[in-house]
Amino acid sequence: MSVSITPSVGTHSKIIAIGAYRPERIVTNDEICETIDSTDEWIQTRSGIKSRHFAAEDENVVDMCVEAAKKAIAVSGLAVDQIDCIIIATNSHYNQTPQAATLVAHRLGLNKPGSFDLAAGCAGFSHGLAVASDLIRGGSAKHVLLVGADHMSVGLDMTDRSTAFIFGDGAGAVIVGPSDVPEIGPVVWGSDGEQSVAIRQEPTWMEIVRSGDYSRPALHMEGQAVFRWAAFSMGKVARQTLEVSGVTIEDLDAFIPHQANQRITEVLCHSLKLPETLPVADDIVTTANTSSGSIPLAMEAMLRDGKAKPGGLALLVGFGAGLAFAGQVVRLPKFVG
Ligand code: UT7
């Protein structure tokens, strides 16, 4: 008889704690309009954004992750050596090698955990949450530190008026751990590579090398195409997400979509027929679109400001470059750093 593999010691999973980091420097729309032909009024009307945070010259994704993670760990009740896996969801770490995760783990003094980066555009945190939850449920990890972080300002062409105003920098960290009952629902995810050109870094590294023009690449976005895709498709994704979790709109305590554009959020609220009393994330107003950082930053803001209650049920929907999306229903963490 062949030897069987020891069955997993799986359990359920939950978000234990959350921490956030927003860089000190606040950049107003007026400052953005110094390099693009636009106005504060246009930016606010078309996107909902009033201001954003930009990282300092000497600050990068790893630094932002460390600050957000320290806050989450501090309130989690865990010792650092209890974290056995770290996932950094990001699109803007300066190096493809080494990955940001090992650097962050080392800076935090974690005990050499499993560590890797995950890139899924603005849906990175949502993908990371699915992976973290399943690692715990499958018995491969006990406590996962997941940080969604992006340093968008470093990859923007500040003279491109289709992108310069919409993005910001920041990091949001959560600790995911075991639970007696399910507190992170199944993920509903997918992608549409046919539309991959709609959000892209250009030129590629090899094109830069071959051209000999060593200017840094920038992010380009077909805003209208992405807007249409998100506004029309993400409502369906949100409904499927509720369905697979056995949760109704009436059960929800908060809606936390990716902070891409306040108008996209409004279309989603309308198409889902959310009650006006349901708290909806609006962190975009002062944080803008921080890509992988957006959902955990918005979650932290709602908990900190008392707009959502710890332990409440929240619907999360991440979407962006790829194009890729991922949605989950989660119970909000009890500990906010
Ligand atoms: O996080 C990843 C996922 N990303 C998203 O979900 C972003 C989705 N897209 C968007 O949020 C929106 O497309 C933007 C906010 C980026 C742009 O808003 P829009 O309403 O789609 O603008 P538009 O590109 O349709 O342009 C409308 C008009 C045009 O002028 P005409 O042709 O109507 O005369 C543009 O030339 O506004 C003009 N315009 C601007 N005017 C002032 C475009 N950008 C600007 C600007 N300031 N920055």
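**Exercise 1.** In this predicted model, determine which residues lie nearest the centre of the second largest pocket, and where the pocket lies with respect to domain 1 and domain 2.

*Solution.*
1. The lining of the second largest pocket consists of 29 residues. Nearest its centre are Phe165, Ile166, Gly223, Gln224 and Asn261.
2. Next, sort the lining by element. Two or more residues each come from α2 (40-47), α7 (223-245), α8 (262-271) and β12 (313-320). Of the elements, α7 supplies the largest share, five residues.
3. Then sort by class. There are 14 nonpolar, ten polar and five charged residues in this lining.
4. The space in the second largest pocket comes to about 640 Å³.
5. Finally, assign the domains. Because domain 1 (12-179) and domain 2 (188-336) both contribute to the lining, the second largest pocket lies between them.

**Exercise 2.** Describe the largest pocket by its volume, by the class of its lining residues and by the element that gives the most to the lining.

*Solution.*
1. The volume of the largest pocket is about 950 Å³.
2. Its lining holds 31 residues, and those nearest the centre are Asn91, Ser92, His93, Gln201 and Trp205.
3. The elements with two or more residues in this lining are β5, β9 (199-202) and β10 (218-221). β9 gives the most, three residues.
4. By class, 15 of the lining residues are nonpolar, 13 are polar and three are charged.
5. Residues of domain 1 (12-179) and of domain 2 (188-336) both take part in the lining, so the largest pocket also lies between the two domains.

**Exercise 3.** Find which residues of helix α4 are buried, how they are arranged around the axis and what covers them.

*Solution.*
1. Helix α4 spans residues 100-108. Taking under 20% relative accessible area as buried, the residues that qualify are Ala100, Ala101, Val104, Ala105 and Leu108.
2. Consider their directions from the axis. These residues are on the same side of α4 because the arc they cover is only 130°.
3. Look for what packs over that side. The cover of the buried residues includes α3 (61-76), β4 (85-89), β5 (114-118) and β6 (144-151). One of these, β5, is also among the elements that give two or more residues to the lining of the largest pocket.
4. Inspect the end of the helix. Glycine 109 follows α4, and its phi is positive, near 75°.

Technical notes:
Residues are numbered from 1 along each chain as its sequence is written. This is a predicted model: local features need pLDDT of at least 70, side-chain atom pairs count only at pLDDT 80 or more; totals for chains, interfaces and linings use all residues. Side-chain values use heavy atoms; hydrogens and water are left out. Buried means under 20% relative accessible area, exposed over 50%, partly exposed in between (1.4 Å probe, protein chains only). Helices (H or I, at least four residues) and strands (E, at least two) are DSSP runs, numbered from the N terminus. The arc is that of the directions from the helix axis to the C-beta atoms. Contact means heavy atoms within 4.5 Å. On a 1 Å grid over the protein atoms alone, a cavity is a set of points where a 1.4 Å probe fits but cannot get out, and a pocket is an open set with protein on both sides within 12 Å along at least five of seven lines; lining residues have an atom within 4 Å of a point. Grid points are joined across faces, edges and corners, and a volume is the space filled by probe spheres set on the points. Ala, Val, Leu, Ile, Met, Phe, Trp, Tyr, Cys and Pro count as nonpolar, Asp, Glu, Lys and Arg as charged, and the others, Gly among them, as polar. Domain bounds come from an automatic or database domain assignment.
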